[in-house]
Amino acid sequence: MEIIEIKENKKQFLPLLLLADEQESMIDRYIDRGTMYVLVDNGVKCECVVTDEGKGILEIKNIATAPEYQGKGYGKALIDFVAAKYKGKYSILQVGTGDSPLTVPFYEKFGFARSHSIENFFIDNYDHPIFEGGVQLTDMIYLQKKI
């Protein structure tokens, strides 16, 4: 298993990026200012984009594992890598997600705790309703952990 920083042609990973953020115009808001990593294990299994949000906060803007490889620890490995790489440079690792029964418990399992939310984020910023785990996403829930 190897984790590689992608500096050019980040959109080659668009199918993976769209798993975590299903509107390309939203991905365009952060992909160029973010640092992208891919986890390779006999092919690309997972990707992650992180951004500097100021005040010591590093945000995971996008993280996705190819569906056939989910549940095998690749997402956790990428989160652990990011936390270790940026420890000492940032104090908080943050992620924003919908209030979904699929994603919130995933992050809580790895030590993230709810911090704050942005009301109606998904309604105001996406051109179509987004559903996850049978739930329509409305508010953006932010979770944080110290690194």
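**Notebook: helix α3 and the core**

I began with helix α3 (residues 74-86): its 13 residues reach 18 Å from first C-alpha to last, close to the 18 Å expected at 1.5 Å a residue. That expected span is 1.5 Å times one less than the number of residues. Helices here are DSSP runs (H or I, at least four residues) and strands are too (E, at least two), numbered from the N terminus.

A note to myself: this is a predicted model, where local features need pLDDT of at least 70 and side-chain atom pairs 80 or more, while totals for chains, interfaces and linings use all residues. Residues are numbered from 1 along each chain, and side-chain values use heavy atoms, without hydrogens and water.

Next I looked up which residues of α3 are buried (under 20% relative accessible area, 1.4 Å probe, protein chains only). They are Y74, G75, L78, I79, V82, A83 and Y86. Among the elements covering them are β1 (2-6), β5 (92-98) and α4 (104-109). After α3 comes G88, with a positive phi near 95°.

Then I turned to the largest nonpolar core (buried Ala, Val, Leu, Ile, Met, Phe, Trp, Tyr and Cys joined through side-chain atoms within 4.5 Å). Of its 24 residues, I60, L93 and F112 touch the most other members. Its largest share, six residues, comes from α3.

Last, I checked for disulfides (cysteine sulfur pairs within 2.5 Å) and the count was zero. Why is C48 not bonded to C46? Its sulfur is 7.2 Å from that of C46, too far for a bond. C46 is buried, at 0% relative accessible area, and C48 is buried at 0%.

How values were computed:
Buried < 20%, exposed > 50% of the residue type's maximum accessible area, 1.4 Å probe, protein only. Contact = heavy atoms within 4.5 Å.
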